[in-house]
Structures are given as C-alpha cells and as structure tokens.
Amino acid sequence: MQIDDTHSHQLRRAVIHDDSEKIKNLLQIAPQRKSWSSDVNGSALHLAAWWDKTKAAQTLLDTTPELTRSQNRRGDTPLHVAAFVGPSAENMLRLLLERDPKAAFIRNSMGHTFLDEARDVGAAMQIFNETAPRTASIYRKLRGTPTAEIDPVDSWSKRPSVSATQSQLYVGR
C-alpha cells in the first residue's frame, strides 16, 4: 500500500482532535507512519505534547514507546515540548515521565534538558519528583542541585556538560 501525505494529514488531525480510535485505525493501515516525522515539528507525539492531547499520546506510546526519545530538528523530545507548553500540560508531563523517566536526561541541540525549557520549572520539577522520584534524585545530583527546588534562573547558568554518567543513564533503555 502506498503511504502518502494523506495518511500523515489524517494522523495529524486525529492527534489534534485527541481521537485515539482514529489513530489506532490509521496505525493499523500504515504502521510505518506511527512516528509521522517531519524535520521541523518532529513526531506525532511532539504534536500531541504541543496540543496537550493525552489520549492521543497514550495511544501513540502504547504502539511505539520509543517515541518518547524522538527528536525534532531542534533536538527537542516530546518532553521538552510539554515542558515548554507549561502548566496546562501537567498531565502530558506526567504521562511522558511515567513512560520514560530517563528521557529527562536528553539534551536538545542547545544543550538543554526538559527542565531548562520549562515555563514553570518548579511545577515541572514537582511533577518529576512525584512521577519518578528515583530518577529525579539522580537528575538533581548530576546537576549539583541537592534540593527538590531548581532555581529557574540558576538552571540556565549551571548546566553541566553531558558526562559519561548521564549518557549511561539513558543509553540502552
């Protein structure tokens, strides 16, 4: 079966409308389109994160769990996107961190983790602590932040470089 832009368009529409049944049907017809990747916007999961469509995200993650680590042209993962969207994407942040807490260590092309991109760093860190406390603790230790609070201004100036320890945490999930 020839897969064309019509399938991508239908998948994008289904994600925006949070229509998990339509997404399931489209993925059965064209399973190779589950990532629906574009250079700029990234995967269908990026789109779900941007529009805070948790049902669509759950459906995509049920079929393709590795989408949590997909990156767009800027290197952002869906977790980066959800953090950037802000407090309205609280459920999306929870979902993505529950499915793949180690994705929190992935840096985009600017060297930023999802917390560096967060509109509300305190709220994002609280969700991280509640959803994946062990991984959040490791994250804080690697960043040199002993408390659960990460100062949003300080988080920009004290970004450590990617270390071998960090790389080991998310390689080979």
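The exercises below concern salt bridges in a predicted model.

**Exercise 1.** Determine how R74 and D76 are paired, and state whether each is buried or partly exposed.

*Solution.* Step 1: a salt bridge requires a side-chain nitrogen of Lys or Arg within 4 Å of a carboxyl oxygen of Asp or Glu. Step 2: for R74 and D76 the N to O distance is 2.7 Å, and their side chains meet in a salt bridge. Step 3: R74 has 32% relative accessibility and is therefore partly exposed, whereas D76, with a relative accessible area of 8%, is buried. Step 4: the pairing belongs to a wider arrangement, since a network of salt bridges links R74, D76 and E117.

**Exercise 2.** Identify what separates E90 from R94 along the helix, and describe their contact.

*Solution.* Step 1: both residues belong to helix α6 (residues 90-99), where they stand 4 residues apart, so about one helical turn separates them. Step 2: their side chains form a salt bridge with an N to O distance of 3.2 Å. Step 3: E90 is partly exposed at a relative accessible area of 35%, and R94 is also partly exposed, at 21%.

**Exercise 3.** Establish which parts of the chain the pair R94 and E130 ties together.

*Solution.* Step 1: R94 forms a salt bridge with E130, in which the closest N and O atoms are 2.9 Å apart. Step 2: R94 lies in helix α6 and E130 in helix α8 (residues 121-131), so the pair connects parts that are 36 residues apart in sequence. Step 3: E130 is partly exposed, with 44% relative accessibility.

**Exercise 4.** State how many salt bridges the model contains.

*Solution.* Applying the 4 Å cut-off between side-chain nitrogen and carboxyl oxygen gives a count of 7 salt bridges.

Conventions. Residues numbered from 1 in each chain as written. Predicted model: local features only at pLDDT ≥ 70, side-chain atom pairs only at ≥ 80, totals over all residues. Heavy atoms only, no water. Buried < 20%, exposed > 50% of the residue type's maximum accessible area, 1.4 Å probe, protein only. Helix = DSSP H or I, 4+ residues; strand = E, 2+ residues; numbered from the N terminus.
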